[in-house]
2 protein chains.
Amino acid sequence: MKLSGGVEWALHCCVVLSRASAPVPSARLAELHGVSKTYLAKHLQALARAGLVRAAEGRDGGYALTREPAAITVLDVVEAIDGDQPAFRCTEIRQQGELALPPEECRVPCGIARVMAEAERSWRRSLAGTTIADLGASLDPARLDRVLGRG
Amino acid sequence: MKLSGGVEWALHCCVVLSRASAPVPSARLAELHGVSKTYLAKHLQALARAGLVRAAEGRDGGYALTREPAAITVLDVVEAIDGDQPAFRCTEIRQQGELALPPEECRVPCGIARVMAEAERSWRRSLAGTTIADLGASLDPARLDRVLGRG
DNA sequence: AAAACGTGGATAGTGTTTGTCCGAGATTAC
DNA sequence: GTAATCTCGGACAAACACTATCCACGTTTT
């Protein structure tokens, strides 16, 4: 099981945006974290499509959160970047091959698929229990403004 | 987030093995489920390396479980196929770029990494709550022997 | 000896991830 | 109006993992 690497970047960016006093350009966000500017821009676009951030175009533009940091969960960011498709996709093996079950016994989802889905629900529930506000509590806004100000 | 497709095959195979009265060859397991013989063989080798199944070589050989089905959890199979590496790997972004934190503030894992690790623990705990014995309860051993017997 | 079977490596095809580049459009400052 | 700054969106390519196949080899039973 693997999570897209962009998730980490996006979470750090959201934390920064939650404590910034003005929109931050994507290139600036990349410099703050020492990551690729062009690739980070891609991920920020995904966050924008998901409605988590808004882009202010033009000069002095940049990205800002659309909601209160306490109203954005880690799960929101993960799904924006990584997609909301389930990690396990049942291919209905039980209906194939010599051991195939008749269709009338397959109205209920396969037991394996049920276990996988339940585990994934646990994972999502856990991620939804932390917000950007929680993560940003330890970041000093004054320090952030100082670093951003003299850019 | 994505789970390897072989996980599904491996789980179905373990369920079959838990209810079979004799070792089952890999080619036979593939036929039972209508999947690729050569590729399934690869996954079975992974199960063998993980110690979940044992291969009997030579004529009339095949695979069998090494333990009681009730002692093999879904998590065991998932980790055997997909690996036990965490889905989220923290790259210590907090120590990079202009906003980098000094090393002395980084003795404790980053908050983002903590949230991800906790969510993954929930996922694993959930998968460990179901065993092969649970999954195999609905498979009729008589029917399996009938299908296997006249191969 | 012969047949059946797993082992492990070599080899491809395919798809996803990661990352770059550039032109177009929007907005502000002068 | 013009220039500067910034985002947007798509095209593009390299790297990697996943999926899948094949074969030479050793082992075991008949």
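The paragraphs below go through a predicted model of two chains, from the way the copies are related to single residues in loops. Local features need pLDDT of at least 70 and side-chain atom pairs count only at pLDDT 80 or more, while totals for chains, interfaces and linings use all residues. Residues are numbered from 1 along each chain as its sequence is written, chains are lettered from A and ligands numbered from 1 in the order in which they are written, and side-chain values use heavy atoms, with hydrogens and water left out.

A turn of 180 degrees with a shift of 0.0 Å along the axis lays chain B on chain A with an RMSD of 0.1 Å (least-squares superposition on the C-alpha atoms of residues with pLDDT of at least 70 in both). The two copies are thus related as by a two-fold rotation axis. The C-alpha of chain B nearest that axis belongs to B:W123, at 2.5 Å. Of the interface residues of chain B, 100% are also interface residues in chain A, so the copies meet through the same surface.

A:M1 belongs to the segment before α1 of chain A. Its relative accessible area is 11%, so A:M1 is buried (buried means under 20% relative accessible area, exposed over 50%, and partly exposed in between, with a 1.4 Å probe and protein chains only). Beyond residues up to four places away in sequence, A:M1 touches B:M1, B:K2, B:L3, B:D82, B:Q85, B:P86, B:A87, B:E120 and B:W123; contact here means heavy atoms within 4.5 Å. From A:M1 to A:S26 there are 25 residues in sequence and 29 Å in space, C-alpha to C-alpha.

The next topic is the core. In soluble globular proteins, nonpolar side chains tend to be buried together. A nonpolar core is a set of buried Ala, Val, Leu, Ile, Met, Phe, Trp, Tyr and Cys residues joined through side-chain atoms within 4.5 Å. The largest one in this model has 100 residues, and A:L47, A:M116, B:L47 and B:M116 touch the most other members. Apart from its neighbours within four places in sequence, B:M116 is in contact with A:L3, A:V7, A:L11, A:V74, A:V78, A:L127 and B:F88.

Some of these contacts of B:M116 lie in two helices of chain A that pack on each other, among them A:V7 and A:V74. Helices (H or I, at least four residues) and strands (E, at least two) are DSSP runs, numbered from the N terminus. Helix α1 (residues 6-19) and helix α4 (residues 74-82) of chain A have axes 9 Å apart and an angle of about 135 degrees between them; axes are lines fitted to C-alpha atoms, for helices over the stretch in contact, and angles run from 0 to 180 degrees between N-to-C directions. The two helices are therefore oblique to each other (under 35 degrees is roughly parallel, over 145 roughly antiparallel, 65 to 115 roughly perpendicular, and the rest oblique). On the α1(A) side the meeting residues are A:G6, A:V7, A:A10, A:L11 and A:C14, and on the α4(A) side A:V74, A:V77, A:V78, A:I81 and A:D82.

In chain B, α1(B) packs against α2(B) at about 110 degrees, with the axes 11 Å apart. That makes α1(B) roughly perpendicular to α2(B). Here B:H12, B:C13, B:V16 and B:L17 meet B:L29, B:L32 and B:H33. Helix α2 (residues 26-33) of chain B has B:R28, B:L29, B:A30, B:L32 and B:H33 as its buried residues, and their cover includes α1, α3 (37-49) and α7 of chain B. After α2(B) comes B:G34, with a positive phi near 65 degrees.

B:L139 sits in the loop between α6 (132-136) and α7 (141-149) of chain B. With 13% relative accessibility, B:L139 counts as buried. Its contacts, leaving aside neighbours within four places in sequence, are B:V15, B:V16, B:R19 and B:L144.

Two other loops remain. Most residues other than glycine have a negative phi. A:D60, in the loop between β1 (53-56) and β2 (62-65) of chain A, has a positive phi near 60 degrees. A:D60 counts as exposed at 69% relative accessibility. B:D60 also has a positive phi, of about 60 degrees, and counts as exposed at 70%. B:R67 lies in the loop between β2 and α4 of chain B and is partly exposed at 35% relative accessibility. B:R67 touches B:L52, B:I72 and B:D76, not counting residues up to four places away in sequence.
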